[in-house]
Amino acid sequence: MRHIWAFPSLTALSLFQASAASAVPRARQAINTSSPLALFRTKRRFLTQAHLLSNSATKTTLVEEMVTVDTTSRLAALRSLMKERNLHVYVVPSEDSHASEYIADCDARRTFISGFSGSAGTAIVTLDKAALATDGRYFNQASKQLDSNWYLLKTGMQDVPTWQEWATQEAEGGKLIGVDPQLISSAIAEKLDEDIKNAGGGGLVGIKENLVDLVWGSEQPPRPSNSVFLLGQQYAGKDTAAKLADLRKELDKKKAAGFVLSMLDEIAWLFNLRGSDIAYNPVFFSYAIVTQASATLYIDEAKLTDECKTYLERNKVTIKPYGALFEDSEELARRAEADSKDAKPRKYLISSKGSWALKLALGGNKFVDEVRSPVGDAKAVKNDVELNGMRNCHIRDGAALTEFFAWLEDQLVNQKAQLDEVDAADKLEQIRSKHKDFVGLSFDTISSTGANAAVIHYKPEKGACKIIDPNAIYLCDSGAQYLDGTTDTTRTLHFGTPTAKEKKAYTLVLKGNIALDSVVFPKGTSGFAIDVMARQFLWKYGLDYRHGTGHGVGSFLNVHEGPIGIGTRKQYIDVALAAGNVLSIEPGYYEDEAFGIRIENLAIVKEVKTEHSFGDKPYLGFEHVTMVPYARNLIDETLLTPNEKDWLNRANKKILEKTLGYFENDPLTKAWLLRETQPF
């Protein structure tokens, strides 16, 4: 991996690759630790669940992802602490204090207390009940992982209360609900407090000492403190000084005193730094405050290399300890209070996802405005360097996936090999690691055969997963982190003879993908408005899927990036798509206990030429960058229109042009690629 050896911050990069892997004996044995890439063998089945307690609540054990966990003793200990604090209800969110979707093991409190390991959900515990609320991506998984202590609240289903509604009902009669104020946004906390009181409850109480942490005790994993490295200009495309200047222009427009950053990916992007504190996400624990006169990064300074410190100093960024953020925020609030006696003070801005604790530290509503983050908006519009990086890394990633699928088919069909889902996922990671600028995976690989493909966010676990059946659907949703971009691709294949039902479902999903990829829309259109394009063909048959159609993707950052997306969430109504956005397009169909289908490409939003320009608006469209063929034997050509066949032919031609050169000395993969890209 010569390209990585040449990277200027080798030690820090190696730590990103090693994140969360050290506790896995099997992984250790397979690793050559002399390689800077090898350490990032973060075996997906050992990450979050690796630190869950055993049923005895006295020792750490590895728990298989889809195994039910006995939570009786944990709940009893939590309820004892609740009684001591006069709480009838305690809320355990999924997120950490930075509102991260993906979290470090030490922050997996909801997983620990409930046994449910999906990335989205909220646990609500009363003195005699417990409920877990999650969305349609995880209904199947939650039903398998929750024990008899828990009710499953299927968010979005008819007549099912939200977790806030359920908690509010339980607080009637003047009862108090508690929550760690660092783990809930101010907006949600304030609305919940109001609803509780209106329903006759005692209100929402912020409990600074996290009660789940107390139950977890010494078995709670330590907080990561890995090194941070500088992302070079050749990858970032814009230096921190320029980004700070743009942010200050936004602050001036809003007449704001400053912006307090709490989202980890926004901080990494603003300062052109990357880390490894959260597996698969190149971020690091930090806060930042930016005013017209100063920029302060709150981080453990020991994590920064000399190169990082020099860069920050050159860009006029001050470094302060991570733990000083709240103390400094309280000092800002005191100054604002003093200044308000003479004039109306300028308010500090925090993200709408900022924590309740952060807002209170800054002085509450009097001195704080919650806004959609201007840094998040800027980050979502990639510059030309970032866009070219996304194009280039997807060519390499597409070559890796093509090689993997050709290998897997040969192993299953010709060699009659017995491979389980984890074996396949490990092979794919090994193939990816050969490519230029590879850093690691961008999320747990979903390698699923047959009925497991119907579990939308399935995680295969060694010893508990299935042998891949060549006569069943195989769904692979995977992605990687490269220095020049982040990938996320899903392909569904069949290595035998698919049924007519499977072919019809696959083709309807493919038609939705093509329709959305082909749509042209005026500037100002939201992802909510175009979601129907992907679902329309399924809807004609009374079919649908319980997940969004697309999410934003970072540039060597988080694979799920706000504020943009395509789907029915309220936030997608409020945020228009813009040229330079990068999103996934991923319709699907899932039949429980049978099979699942998803086809996912990443696409760049770009301005397109149209014959007319109604309203003097520019018009936008998509440029998909994923370079992986579609499963020919799953396509029912009788359901395709001539335009759809033409789209497939153009896509296949481009895939062939971009990736064929990788296989000049690989006849197996070359033959597979030529076969799968034949014209329709």
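**A walk through the chain, from one strand pair outward**

A good place to begin is the pair formed by strand β10, residues 287-291, and strand β11, residues 295-298, which are joined by four bridges and run in the antiparallel sense. Within this pair, Ile 289 has Thr 296 of β11 as its bridge partner. The structure in which they sit is a predicted model, and everything that follows should be read with that in mind.

The two strands belong to an open sheet of six strands, whose order is β12-β11-β10-β8-β13-β14 and whose pairing is mixed. At its edges stand β12 (318-320) and β14 (368-371), each of which pairs on one side only. From one strand to the next, the twist of this sheet averages 20°. Helix α14, made of residues 325-339, packs on the sheet and touches β8 (258-261), β10, β11, β12 and β13 (348-351), while its direction makes about 30° with that of β10.

With this one region in view, it helps to step back to the chain, which has 24 helices and 28 strands. Along the principal axes, its C-alpha atoms fill a box of roughly 75 × 55 × 55 Å. What radius of gyration would a compact globule of 680 residues have, and what does the chain have? The globule would have a value near 26 Å and the chain has 25 Å, so the two agree. Of the 680 residues, 60% are buried, and the chain exposes about 26,300 Å², of which carbon and sulfur atoms supply 50%. The contacts can be described in terms of sequence as well: among those between residues at least 6 apart, 70% join residues at least 24 apart.

Earlier in the sequence lies helix α7, residues 163-170, in which Trp 163, Trp 166, Ala 167, Thr 168 and Glu 170 are buried. In helices of this kind there is a general pattern to keep in mind: an α-helix has 3.6 residues a turn, so residues three or four places apart point the same way. The buried residues of α7 pack against several strands, namely β1 (89-92), β2 (122-126), β3 (130-134), β4 (151-154) and β5 (176-179), and also against helix α8 (186-198).

Further along, UniProt places the feature "domain: Peptidase M24" at residues 389-607, in an unreviewed entry. In the model this span is 34% helix and 25% strand, and its end C-alpha atoms lie 19 Å apart. Another open sheet, this one of three strands, has the order β15-β18-β19 with antiparallel pairing. Because β15 (438-441) and β19 (485-486) stand at the edges and have a single partner strand each, one side of each is left without a neighbour in the sheet. Strand β18, residues 480-482, pairs with β19 over two bridges, and here Tyr 482 stands opposite Gly 485.

The walk ends with residues 618-680, which the UniProt annotation "domain: Peptidase M24 C-terminal", again from an unreviewed entry, covers. This span is 44% helix and 10% strand, with its end C-alpha atoms 33 Å apart. Is strand β28, residues 619-624, enclosed by the rest of the structure or left open? Six of its six residues are buried, so β28 is largely enclosed. The burial holds on both faces of β28, with Tyr 619, Gly 621 and Glu 623 on one side and Leu 620, Phe 622 and His 624 on the other.

Two strands can be named as partners of β28. Strand β27, residues 601-608, is joined to β28 by six bridges in an antiparallel arrangement, and in this pairing Lys 606 stands opposite Gly 621. Strand β21, residues 521-522, also runs antiparallel to β28 and is joined to β28 by two bridges, with Leu 620 as the bridge partner of Phe 521.

Helix α23, residues 642-659, contains Trp 647. This tryptophan counts as buried because its relative accessible area is 4%, where the cut-off for burial is under 20%. Leaving aside residues up to four places away in sequence, Trp 647 touches Asn 513, Ile 514, Asp 517, Ser 518, Asn 601, His 624 and Tyr 630. One of these contacts, His 624, is also among the buried residues of β28. Finally, Trp 647 and Phe 680 are 33 residues apart along the chain, and their C-alpha atoms are separated by 10.0 Å.

Note on methods. Residues numbered from 1 in each chain as written. Predicted model: local features only at pLDDT ≥ 70, side-chain atom pairs only at ≥ 80, totals over all residues. Heavy atoms only, no water. Pairing = 2+ DSSP bridges. Buried < 20%, exposed > 50% of the residue type's maximum accessible area, 1.4 Å probe, protein only. Contact = heavy atoms within 4.5 Å. UniProt positions renumbered as here; feature names shortened; annotations may be inferred. Axes fitted to C-alpha atoms, helices over the stretch in contact; angles between N-to-C directions. Rg over C-alpha atoms; globule rule 2.2 N^0.38 Å. Areas by Shrake-Rupley, 256 points an atom, 1.4 Å probe, with all protein chains shown as cover.
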